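Colleague: Please take me through this model. I want the reasoning behind each label.

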Amino acid sequence: MPDYGHPLRFGSFITPTAASPQRPVELAVLSEELGLDLATFQDHPYQPSFLDTWTLMSYAAARTERIRLSGNVLNLPLRQPAVLAKSVASLDLLSGGRVALGLGAGGFWDAIEAYGGTRLTPGESVDALAEALRIIRGVWDTADRSVLAVDGSHHRVRGAKRGPAPAHDVPIWLGALKPRMLRLIGRAGDGWLPSMPYLQPGDLARGMGVIDEAARDAGRDPAEIVRLLNISPETGADELVRLAVEDGVSTFIAMGDDEGGLRRFAALTGEVRERVAEARASSGVRERVRVRRASALARRLPGIGYDDLPPELAERAVEPGDPAYARYTSSYLRGGAPGLVIRPRSVAEVQSAVAVAREHRELPLGVLSAGHGISGRSLNHGGLVIDVSALDTIEVLDSGTGRVRLGPGARWVDVARVLAPHGLAISSGDYGGVGVGGLATAGGVGWFARSQGLTIDHLTAVEMVLADGRVVRAGAEQERDLFWGVRGAGANFGVVTSFELTAARVGTIAFAQLAFDASDTAGFLERWGRELEAADRSVTGQVILGARRDGARVAQAMLVVDSADPDTVIARLQPIAEIAPLLQQQVVLTTYDQVMGLFSSDDPQRGRGEPHSHSGLADHLSPALAAEVADLLDAGTSYFFSIRAVGGAVADVPSTATAYAGRSAAFSLSGFGAGPRFDAAWERLVPHLSGSYLSFETGTGPRWLERAFPPAHLARLRELKRRYDPTGLFRDNFFVDPATDAVDGPAA
């Protein structure tokens, strides 16, 4: 039989004994400590001396960090497929993509019948397992919007809700020996998981042949199917090497609960890996980290070196034909169709991902942190995306001083929840579902802007991977020029892998929601601007306006007051509440993390097409600007218009201190619209604006950069770009072109 080129993996096969319930967990932890790749557990739920395997796996997942977990094998007759699918996906998400699904048709029928299972003939077992596979994969396929319906003889679902999708493409390994079951593995399985003690001489080779033939008949590459084997822990290195290079086995799982046996088995793995690598090199067998289905290979795009990815990236990479790809076809507002998504889990892997991007310099490159973004530039069509959502660390380094370290893949709602017990908060936008990476390199206009400034004003240092692959730390004491540029134009200089910030002391706050009659829109905006500028700095918020209804326009205002005293809150809100007739009002005392949680969603993003949003900064809401905004809204060119308060502490920072330059502005304006009419209407606002905040801007090109960055800032940014990214590798998110100092045509 051939060597399929799969990477070698080694695991343990653990008995879920109830007599000493911590023992199987300790063996799983030991397996991880010994460097094994996989911990698997028997599943005989009818045994009074056994723990429930799924509960045990969940507990073991919480006690481990790296090792993969699987049943060996789960008893299908006692596990309803749709529920099992959700259980697997849930644990995969909770464990960070560490679950495999080992599945079997069941044995010990008398015991199974006693627990409500149905005795099946061998042929019926195959049919039942095939139906279960369709249901399980159907539940995981959240990209399919059709009704999930399987009308099987043994398993039926109709209208079952799809999802959640697992964190990774969970493999389904089947434990089986009979020819019909082996043919099912060839047609629809991801792996064969037999046990050596139950194999007769020749069974392994015959089984491999049956699976391979069935795979080819189904139009599959036999190498799509991983070959695993449960073995005695006393199996020697010579036999393991022979099984790998002659029989195609790539995953060896040591049976038994003897700690000494596990240690002896683990001690062999290095030698076996070396000898198999030597044998493959001499025979020309190339290691294949992951073998994709023919249907997935057909969707690859030309010009991308899919098969040349480093092993550490290839395993988790997402291609257009992969089940996880649907996540990358939509952002908050914008659609995408990247050719390859790389998902690094460490700084070293980010370096490898950037190296891949350098090798594909001609392709678009997006960097995706974690959540929602207006411009959607983290995705693209036909290019590469580096998804750093796995770098989601949230660490409180010093609660007393407020020092925290954040990964770019964390979401601000999660940051708020972690910091809240320490009495800390970071002003970080007004929507909790936004990822740290994008916002903390652009500015960060949040609920405490007037009292605390922008998010970037709390940055003390960043660690980032530059275009040439170097890892640098930038802060007040080192790489100071780079640190200046990162705070406002960071997407131009590399991939930030961690942020260090100083959080502020924040306790109970007030959150107010007010609805005004803003039919006199221009007058309302003038008064709103005047009162917000005059308000105490503890007051920050925004007002949202849209189309008129029956001639009237409602303005929805949301405000935070950083005070726990009700009388103080009312006193500071009262002048604002009097600027126009109130239609509705609600003021509650709450906490910052709860406010961020109000504006956050875990639902999949469904954006499609190309959103149209423009942004501007205004020093004041002057009568002329208020009139232009009112005309824009009355003309119906914008269906959503927001005015956020800045000023206060934002203006305390000199304009030259950061790449973000709009320190004189008291307000940040953004509008959504469609087509040239909206663009033309926005241009009438521009003479009244003093800058732009690029996080809310979908326009691209030099003109938009010149609106965001004054000439001196832009000249300095171009010089930094020439120093840190002279070839313009990072160019798909408000590109500062190092090769030009002039406007290059109209904005797109």
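Modeller: This is a predicted model. Its largest cavity holds about 50 Å³ of space.

Colleague: What makes that space a cavity rather than a pocket?

Modeller: A 1.4 Å probe fits there but cannot get out, so the space counts as a cavity. The structure holds one cavity of 30 Å³ or more.

Colleague: Which residues line the largest cavity?

Modeller: The lining consists of D430, V445, G446, W447, T540, G541, Q542, R644 and A645. Two elements give two or more residues to this lining: β23 (539-545) and β27 (638-645). The largest share, three residues, comes from β23.

Colleague: How many residues of each class are in that lining?

Modeller: The lining has three nonpolar, four polar and two charged residues. Gly counts as polar here.

Colleague: Next, the helices. Why is α2 called roughly parallel to α3?

Modeller: Helix α2 (residues 53-63) packs against helix α3 (residues 81-95) at an angle of about 10 degrees. Angles under 35 degrees count as roughly parallel, so α2 is roughly parallel to α3. Their axes are 10 Å apart.

Colleague: Which residues meet where α2 packs on α3?

Modeller: From α2 come W54, M57, S58 and A61. They meet S87, V88, L91 and S95 of α3. By class, this contact has five nonpolar, three polar and no charged residues.

Colleague: Now the sheet. What is the order of its strands?

Modeller: Seven strands form an open sheet, ordered β25-β22-β24-β23-β27-β28-β26. The pairing is antiparallel. From one strand to the next, the twist averages 15 degrees.

Colleague: Why do β25 and β26 count as edges?

Modeller: β25 (582-590) and β26 (613-618) each have a single partner strand, so one side of each is left without a neighbour in the sheet.

Colleague: How do you know that β22 and β25 pair?

Modeller: Pairing needs at least two bridges. Eight bridges join β22 (residues 509-517) to β25, so the two strands count as paired. They run antiparallel. F511 stands opposite V588 in β25.

Colleague: Which helix packs on the sheet and touches β22?

Modeller: Helix α18 (residues 566-577) does, and it also touches β23, β24 (554-561) and β25. The direction of α18 makes about 150 degrees with that of β24. Angles over 145 degrees count as roughly antiparallel, so α18 is roughly antiparallel to β24.

Colleague: And where does α22 lie?

Modeller: Helix α22 (residues 675-683) lies across β26, β27 and β28 (667-673). It runs at about 160 degrees to β28.

Notes. Residues are numbered from 1 along each chain as its sequence is written. This is a predicted model: local features need pLDDT of at least 70, side-chain atom pairs count only at pLDDT 80 or more; totals for chains, interfaces and linings use all residues. Side-chain values use heavy atoms; hydrogens and water are left out. On a 1 Å grid over the protein atoms alone, a cavity is a set of points where a 1.4 Å probe fits but cannot get out, and a pocket is an open set with protein on both sides within 12 Å along at least five of seven lines; lining residues have an atom within 4 Å of a point. Grid points are joined across faces, edges and corners, and a volume is the space filled by probe spheres set on the points. Helices (H or I, at least four residues) and strands (E, at least two) are DSSP runs, numbered from the N terminus. Axes are lines fitted to C-alpha atoms, for helices over the stretch in contact, and angles run from 0 to 180 degrees between N-to-C directions. Angles under 35 degrees count as roughly parallel, over 145 as roughly antiparallel, 65 to 115 as roughly perpendicular and the rest as oblique. Contact means heavy atoms within 4.5 Å.
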